[in-house]
Amino acid sequence: MQRPSHHLDLCLVPADPNRKAPDRVDLFDRFAAAGFTNPDGSAGPACDALVQGGFARVRLDVPGAMALYSNGQGGFRVFCPRCATNLTAVWSGQPRDPGGEVICGCGATSRLDALDYRPPAAYGRWAVVIADAADGQITDAGGETVRSFLGEVRVIGRRVVR
Ligand SMILES: [Zn+2]
């Protein structure tokens, strides 16, 4: 029997939350043309050029609503961007609207998407997910190629059990 184990996904979340999700077919064509994946999204011959050590597959995640891409199983903490007070407990009581606001004891009012997440987290309506990544980041050259497909993105590491 296979035991569940920890996997690392890299979520490429658009820096502009209003950016439209890419066309799925077009996106997979581009990833395949770069050699990052095969046409079905599984790791391609040049997967190493995107993530050192490779990955299992790439998929487009479109949850249908604003989502917070975060560290997942590992959890994360949230801090005031001005005074660095831990606001995790205040944040937890907020609806998951990035335009919502948290008021810190120091007087700073911050939008949820402007708070300091550690490790990094990002709100988005879609993400390109690189599943089972062997490394915690994408390569510089791979990042440049991916940004030419997707526009500016933030790379969020997410630990999952499956
Ligand atoms: Zn503060």
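Reader: Which residue in strand 9 stands opposite leucine 12?

Author: This is a predicted model. In it, strand 1 and strand 9 pair over 3 bridges, in the antiparallel sense. Leucine 12 belongs to strand 1, which spans 6-14. Its opposite residue in strand 9 is valine 128.

Reader: Which residue stands opposite valine 128 in strand 9, on the side of strand 2?

Author: Strand 2 covers 57-61. Strand 2 and strand 9 run antiparallel and are joined by 5 bridges. One residue there, arginine 59, stands opposite valine 129. Opposite valine 128 stands leucine 60.

Reader: In what order do the strands of this open sheet lie?

Author: The sheet has 4 strands, and their pairing is antiparallel. Strand 2 and strand 10 are the edge strands, each pairing on one side only. Neighbouring strands are turned against each other by 25 degrees on average, direction ignored. The order is 2-9-1-10.

Reader: How many residues of strand 9 are buried?

Author: Look at the two faces of strand 9. On one side, Ala127, Val129 and Ala131 are buried; on the other, Val128 and Ile130 are too. Strand 9 is largely enclosed by the rest of the structure, because the buried count is 5 of the 5 residues.

Reader: Why do the residues of a strand fall on two sides like that?

Author: Strand 9 shows the pattern, with Val128 and Ile130 on one side and Ala127, Val129 and Ala131 on the other. The reason is general: in a regular strand, side chains point to the two faces of the sheet in alternation.

Reader: Which element gives the largest share of the largest nonpolar core?

Author: This core has 34 residues, and Ala127 and Ile130 are among those with the most contacts inside it. Elements giving two or more residues include strand 1, helix 3 (140-150) and strand 10 (153-161). The largest share is 5 residues, and it comes from strand 9.

Reader: Which residues does isoleucine 130 contact, leaving aside neighbours within four places in sequence?

Author: Isoleucine 130 is buried. In the largest nonpolar core, Ile130 is one of the residues with the most contacts. Setting aside those sequence neighbours, its contacts are Asp9, Leu10, Val51, Phe55 and Val58.

Reader: How many helices and strands does the protein chain have?

Author: Read the elements from the N terminus: β-α-β-β-β-α-β-β-β-β-β-α-β. The radius of gyration is 17 Å, close to the 15 Å of the globule rule for 162 residues, so the chain is as compact as a globular protein of that length. The count is 3 helices and 10 strands.

Reader: Among long-range contacts, those between residues at least 6 apart, what share joins residues at least 24 apart?

Author: Take one pair as an illustration. Alanine 15 and valine 155 are 140 residues apart along the chain, yet their C-alpha atoms are separated by 9.7 Å. For contacts between residues at least 6 apart in sequence, the share joining residues at least 24 apart is 68%.

Reader: Which residues does alanine 15 touch, not counting those up to four places away in sequence?

Author: Alanine 15 sits in the loop between strand 1 and helix 1 (24-33). With 13 other C-beta atoms within 10 Å, alanine 15 is partly exposed. The residues it touches are Glu152, Val153 and Arg154.

Reader: Is alanine 84 buried or exposed?

Author: Alanine 84 lies in the loop between strand 4 (77-79) and helix 2. Its phi is positive, near 70 degrees, and it is not a glycine. Being exposed takes 12 or fewer C-beta neighbours. Alanine 84 has 11 inside 10 Å, so it counts as exposed.

Reader: What is the phi of aspartate 132, roughly?

Author: Aspartate 132 is in the loop between strand 9 and helix 3. Most residues other than glycine have a negative phi. Aspartate 132 has a positive one, of about 55 degrees.

Reader: Which two residues does a cis peptide bond join?

Author: Most peptide bonds are trans. Here one has an omega of about -5 degrees, so look at the loop between strand 7 (116-118) and strand 8, where proline 119 is placed. The cis bond joins arginine 118 and proline 119.

Reader: Which element has the highest mean pLDDT?

Author: The chain averages a pLDDT of 92, and 96% of the residues score at least 70. The lowest mean, 88, belongs to helix 2 (residues 88-92). The highest, 97, belongs to strand 9.

Terms used:
Residues numbered from 1 in each chain as written. Predicted model: local features only at pLDDT ≥ 70, side-chain atom pairs only at ≥ 80, totals over all residues. Core = buried A, V, L, I, M, F, W, Y, C linked by C-beta atoms within 7 Å. Buried ≥ 20, exposed ≤ 12 C-beta atoms within 10 Å, placed from the backbone. Contact = placed C-beta atoms within 7 Å. Pairing = 2+ DSSP bridges. Axes fitted to C-alpha atoms, helices over the stretch in contact; angles between N-to-C directions. Rg over C-alpha atoms; globule rule 2.2 N^0.38 Å. pLDDT = per-residue confidence, 0-100.
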